[in-house]
Structures are given as structure tokens and as C-alpha cells.
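Q: I'm new to this structure and would like a close look at one small spot, with its surroundings explained step by step. Please start there and then take me onward through the rest.

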Amino acid sequence: MISIENLNRYFKSGDTSFHVLKDINLEVLEGECVVLRGVSGSGKTTLLSIMAGLDRPSSGKLLVDGESIAKLPDLHISAFRAKKIGIIFQHFNLLEHLSASENVMIPLIPSELNMTEVAQRVKRSLEIANISHKATRPAGRLSGGEKQRVAIARALVADPSVILCDEPTANLDRDNSLKFIDILKDLHNMGKTIIVATHDPLFDNLSFASRIVPMQDGSIVSKEQGVGSSE
Amino acid sequence: MSSKSFLDKPFFGSPFFFFLTLEFFKERKKHIGVVVISLVILFLLSSVLFISSSIRYSIEQTLDKEPDFVVQKIQGGERVNAPAEWIDPLLEIYGINKVTARVYGRYFFKAKRDSFLIVGVDFMDEQSHKTLESIMDETDLKSFLSSDNMLVGEGVSIYLKEHFYPNHYSFLTPKGDFKKINIFKVLPKESNLIANDMIILPMDLAKEVLGMGEDEVTDIALNVPNDDEWDNVADKISAFYYDLRVVTKHDIKKAYENLYNYKGGVFLILFLIAIVTFVLILYQRYAMVYSSERRHIGLLRALGWSIRDVLKLKFFETIIIVIISFIVGVVLAYFYVFVLGAPLLKEIFLGGANMKNSLVLVPVLDFGVLSSIFLIYAVPFIAAVLIPVWKISVTDPKEAML
Ligand SMILES: Nc1ncnc2c1ncn2[C@@H]1O[C@H](COP(=O)(O)OP(=O)(O)O)[C@@H](O)[C@H]1O
Ligand SMILES: [Mg+2]
């Protein structure tokens, strides 16, 4: 599904250059749940951005479904993102003045769907994320946990095969964090490929099959652990 | 507050237009400042253009009624009174008609600061000026001529009332005599562009008040119905006397237009400066200052929107702002100029005339003018928004993740 080979990312500011991702090699299979685990500053967000086509690698290879997306022109990268990738951002990134359902519809606007089809899809996503009851509430007036669920619904609405989550529990209390993991399990059971970047130890012992990839200082630490089983 | 959402209430339109209206109405605070500045600029710009095109229209209408040619006597480069006998050879020239001797001049009041235009009229004769003709038609000549009477423009009437002469005025002639003349009637508002500061007197009375000799006239007016003959006739007349000058309607028109074009031009330059400044501010706002715009665009791109999708949204958003500001600005200006009579601005345009002029601005809608207002405003505006948006859109939207 996703295949990364010898990937490097440098950030240049003035004369100094920061080596943020160092020789990353990673293979993620379809339907797999991968947890990128590492402290703040270890390069997780940068890696997710590159996988989403939001940022480009300085060197190395990134293949998604056998296609090298970093080299595609914008129209194709956008189409790739729209079809294959759903992102759950660390800070939710909702448009506060729009309602929950209006936020969820955003990924479908450039699509060819008509309004009825859009409404159907939005409804279904809200149900999966368990937030239908707040559909008309402005996002700015939702609690943290509710915002998170709207963000999940939005990430799901275009039915992507890959879901990227950046620190999904950083802004949630323990109760809501556990609820999030339940939803993640549903997504896993739906066959989605899931990649979670987190420093939260809650993800160390998931109740469903997942793989932990430890990151440190921009590198993947060699020893990978497989945890849990498919129940 | 949206109590009902698109989920239960179907929206008949594309998802794109649904989202466009959402963005627009739920983020109206973001747009309000831009719309207000646009409105002010467009309102002033259209007001000035409405006033100047209306005045130009009135001048054209007025000049249409003026005689084609005016023959003057020149002394030392200045116009002086002409001998009445000059009229005789003019009558002989083939191709001209309506030859009339005219008597008029300025009469200065008290401190010699304010002045009126005295016009002498031979009531038995044809009138050189079409406005005068219609005024005469509406006047009861018998009673008017039975004693010393005058017809006065609205401005004159107001001035005299303010100086406690509601019914008559005693003119001081250049010989030192007082001549008491009654106000017979006030001229209608519609004639204000030319008659606001005018006093119409019978010919003899006018000559007396202006201190002119019996066989003198101010100038001689005539018409040349065939346009092709104008140059020819002008040459012929000029040849009669070496101290004779011919002024044509074209010359007068040009003088008027120069005056109003000058005032209009000053305004236009001011507006161009205002628009350029405004556009620069907009550009700044979208280019750098507005980091939320950057985040907003980055988020849309992260959610699968292409650069084209983002530009399309921003383009329509901008077009809506431009069109709303344009329509509201122009309608307000129309109301201000043609219904309220453009208080303040009119003074600036007609300033220099020494009397309050209640000139009626005739509604004139010039679509050429309207479309140039639209272009002058809309093109830089749209560019100022879309160029920075495009620049933001083409960079990789990695900020969306932060
Ligand atoms: N645009 C950038 N320019 C310079 N340095 C950056 C930039 N983005 C991220 N970094 C640096 O890269 C490192 C990794 O950042 P990030 O991927 O956000 O880590 P994490 O998500 O694991 O906390 C950090 O040290 C951060 O300061
Ligand atoms: Mg991070």
C-alpha cells in the first residue's frame, strides 16, 4: 500500500539546514494499523505530511499503490488525496463558524456528487463517528471530544483507503481517548489502512492487530514490535 | 444559526454553490470591511461621474438653444459694445437667418462683489435664444410692458429677498441715477443652468441700467442652418470689419467642457489614487498579513481540493463582493445625485458661480461610464485577491498539519 525507501527531508532556513527525516524505510500493507511512536520533535508530523502529499521528500522514494506521488502535478496529487487519504489533524482543524455537517461535507465539494448524494454520505460518516446528534451545531461550540468525532467523520466521508491521524488523543481526556480508540477499531475492521502518529502510551496495547514503529530524532528505531492480535 | 441543515432540507444547486453561500454568509464579518471601503469608493466615483455626465448633458441641451454665431466688436483684444448698424450687412448674407442684436451685461451690487446678468429683450422681435423664447411665451406682455418690470432668475430672487428687496430693486445706473424696477415674475427652476442669475428687462431699460448708448448693442447673434456653410459664413462676416470677431457655438462648448472636464479630471485622479491604495492594502492583506487565509487554503488543499478548486471558490467569493459593492454603490449614488440633488458635491462642481444654484440634475445613465467604473474597480480588485491566493495555493500546504 505505502512503501517508503531511503527517504530524507531537510528544512533549510538561511544557511543552516535541519535534517528532520533521516533515511526512512517503511512498508505499510493494506488494512494494516501502524503506530508511529515517538516524543515530540521526532519527525512524525513531517512523515505524515509527506505520506499525504502535503509536503515533498528531499530525497528517496515514496510509493502509494505503486505510484510515486511526490512527482505528480497538483491536479493529480489533489485527486489522490481526495480519493485515498483521510487526515485527522492534531488540532482538529474544523472551520469554527460552520456546523458539524457542513465541515464534514468539505472533502466532497470538488467531487462530481450532487447535493443529495453528498447529504447521504455526510449522514453515514456522522453515524460512524457517532456524532449525528450534533450535526447542526457550529463546530466552534462543540467540546474537544465532539470536535474529534467531527474530524473523524470528515476524514471518512470520501471513503479513503488510508486514514492518517496526527496525535489524535493529544487534546482529549482519557475517556474520550478510549472512545477514539474504539472508533479506530471499527475503521480497522472496515479494512482501512491506518497510520497513527502519537506519543500517547495508550496506543502501546491496542485490542486489535497493530504494529508499533518507534521514531527517534528523525529515524525509525530498528526494533519494531508487533502488538495485540485480531481478537 | 442553522437549526435545519442540508441533511434534511434538500438544497437545489451544486455542492459548490452551497458551500460558497455558506462561506459567504457565515464569514460575513471577514468581508464587511472590504465591502464598506468598496462601497465608499464606488459611491463617490459614481456620484462624480453622474454629476459630470448630467451637467454635460444639460450643457449640450442648453447650447443647442444658443445661437450658432455671435458677432462681437473687439478693441484691444477685449469685447466692447458694437454699433447697431452692423446688423444691416449681415442680413444680406445668403445662408443665415435669425439675426438679432443682443443687449446684456453684468450689474454689480453693493460691495461690487456679487453680480447679476442683465439681459435686454426686444419683446416684439424673434428671440435669439430658445429658452428666452419659451419664457416670453409664458409672460403676459401687455402688463409686463405697461410699467418698469423685470423677470428674474431664482438665484436673483433669493438674493434680493435676503437683502430686503422682495418686490423691487433700485438699480444705480452708470450715470448716477436710481432706476426702480419691479419684479414681475421669477423664472422657472428648469432654466437655472443659464438663467439662475439672470435679470430680463425690456431693451431700453437694459441699456439704461447698463449705461449703453441707444445705438449700441452688446453683440449680434445669428444662425447658420447648414453646417457645411459655417466656415464659409464665418470668413465672410469676419471680412466686413477689421475689428469684428465671430464666436461659434463650438467655441463656447469647448470652453464649458474644458471647465467641467478639469474638475472631473481632478476627481478621477483622486479616485485612481484611492483605488490603487485600496488594492495595495487588499494585496497585502491576502499576501502576508492574513495568516488565517493561509491556513484556510492549506486545510482545503489537505482535504483534497486542487489549486483550481480553491481559486474557483475565491474567485466567486470575490466576484460576489465586487458585484454587491458595485450595485449598491451605484444605486446609492444615483439616489444621492438625482433624488437628493447631490448636496455638497454639487457645490464643488458648480462652485465659482457666485450664487446658490439650485440647478436640477437631470438623470442621465451612461452605460459606457458605468462599465468603465466597473472595470476600473473590479479588475484590480480581483487581481489583488486572486494573485496572492494563487501564490499560497501553489506552495505545498504542509502548514495544514501544524
Ligand atoms: N518547516 C520547518 N522548518 C524547520 N524545521 C522544521 C519545520 N517543520 C518541522 N521542523 C522540525 O522538524 C522536527 C520534527 O518536527 P515534527 O515532524 O513536527 O515532529 P513531531 O510531529 O514528531 O513532534 C522538529 O525539530 C521541528 O522543529
Ligand atoms: Mg507532531
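**Around Glu96(A), and onward**

A: Leaving out residues up to four places away in sequence, Glu96(A) touches Pro138(A), Ala139(A), Gly140(A) and Lys147(A). Keep in mind as we go that this is a predicted model. Glu96(A) sits in the loop between strand E6 (85–88) and helix H3 (100–105) of chain A. Take one of its partners, Lys147(A): the two are 51 residues apart in sequence, yet 9.8 Å apart in space, going from C-alpha to C-alpha. Is Glu96(A) buried, exposed or partly exposed? Its relative accessible area is 44%, and since that falls between the 20% and 50% cut-offs, Glu96(A) counts as partly exposed.

Let's stay in chain A for the ligand. Ligand 1 is surrounded by Phe11(A), Val20(A) and a run of residues from Val39(A) on: Ser40(A), Gly41(A), Ser42(A), Gly43(A), Lys44(A), Thr45(A) and Thr46(A). Sorted by kind, this shell has 3 nonpolar residues, 6 polar ones and 1 charged one. Which element gives the largest share of the shell? That's helix H1 (residues 44–51) of chain A, with 3 residues.

Now zoom in on the side chains there. Lys44(A) has a polar side-chain atom 3.0 Å from an oxygen atom of ligand 1. For Thr45(A), the distance from a side-chain N or O atom to a ligand oxygen is 2.6 Å. For Thr46(A), that kind of distance is 2.5 Å. On its own, ligand 1 exposes 560 Å², and the protein buries 63% of that.

Over to chain B. Chain B is split into domain 1 (15–61 + 255–400) and domain 2 (69–223). Measuring between C-alpha centres, these two domains of chain B lie 48 Å apart.

A good place to pause here is Lys179(B), found in strand E8 (residues 178–186) of chain B. Why does Lys179(B) count as buried? Because its relative accessible area is 19%, and the cut-off for buried is under 20%. Not counting residues up to four places away in sequence, Lys179(B) touches Asp148(B), Tyr169(B), Ser170(B), Phe171(B), Thr173(B), Leu205(B) and Glu208(B). With Asp148(B) there is also a polar contact between the two side chains, at 3.4 Å.

Leu205(B) leads us to helix H8 (residues 203–210) of chain B, which is mostly covered, with 6 of its 8 residues buried. The buried ones in H8(B) are Met203(B), Leu205(B), Ala206(B), Lys207(B), Val209(B) and Leu210(B). Just after H8(B) comes Gly211(B), with a positive phi of about 75 degrees.

Helix H6 (residues 154–162) of chain B has its own buried set: Glu154(B), Gly155(B), Val156(B), Ser157(B), Tyr159(B) and Leu160(B). What do the buried residues of H6(B) pack against? Their partners in chain B are strand E5 (115–121), strand E6 (149–152), strand E7 (168–172), E8, helix H7 (192–195) and strand E9 (198–202). H6(B) is followed by Phe164(B), with a positive phi near 65 degrees.

A word on that backbone angle. Most residues other than glycine have a negative phi, and most peptide bonds are trans. Lys98(B) is not a glycine, yet its phi is positive, near 55 degrees. Lys98(B) belongs to strand E4 (residues 97–108) of chain B. At 22% relative accessibility, Lys98(B) counts as partly exposed, because buried means under 20%.

Ala342(B) has a positive phi too, about 50 degrees, although it is not a glycine. You'll find Ala342(B) in the loop between helix H12 (307–339) and helix H13 (345–350) of chain B. Its relative accessibility is 0%, so Ala342(B) counts as buried. Setting aside neighbours within four places in sequence, Ala342(B) is in contact with Ile51(B), Tyr336(B), Val337(B) and Leu361(B). As for Leu361(B), it is 19 residues from Ala342(B) in sequence and 8.4 Å from it in space, C-alpha to C-alpha.

Definitions and conventions: Residues are numbered from 1 along each chain as its sequence is written. Chains are lettered from A and ligands numbered from 1 in the order in which they are written. This is a predicted model: local features need pLDDT of at least 70, side-chain atom pairs count only at pLDDT 80 or more; totals for chains, interfaces and linings use all residues. Side-chain values use heavy atoms; hydrogens and water are left out. A residue is near a molecule or strand if one of its heavy atoms lies within 4 Å of it. A polar contact is a pair of N or O atoms within 3.5 Å; within protein, one must be able to donate a hydrogen and the other to accept it, and residues adjacent in sequence count only if both atoms are side-chain atoms. Accessible areas come from the Shrake-Rupley method with a 1.4 Å probe; for residues, only the protein chains shown count as cover. Helices (H or I, at least four residues) and strands (E, at least two) are DSSP runs, numbered from the N terminus. Ala, Val, Leu, Ile, Met, Phe, Trp, Tyr, Cys and Pro count as nonpolar, Asp, Glu, Lys and Arg as charged, and the others, Gly among them, as polar. Domain bounds come from an automatic or database domain assignment. Buried means under 20% relative accessible area, exposed over 50%, partly exposed in between (1.4 Å probe, protein chains only). Contact means heavy atoms within 4.5 Å.
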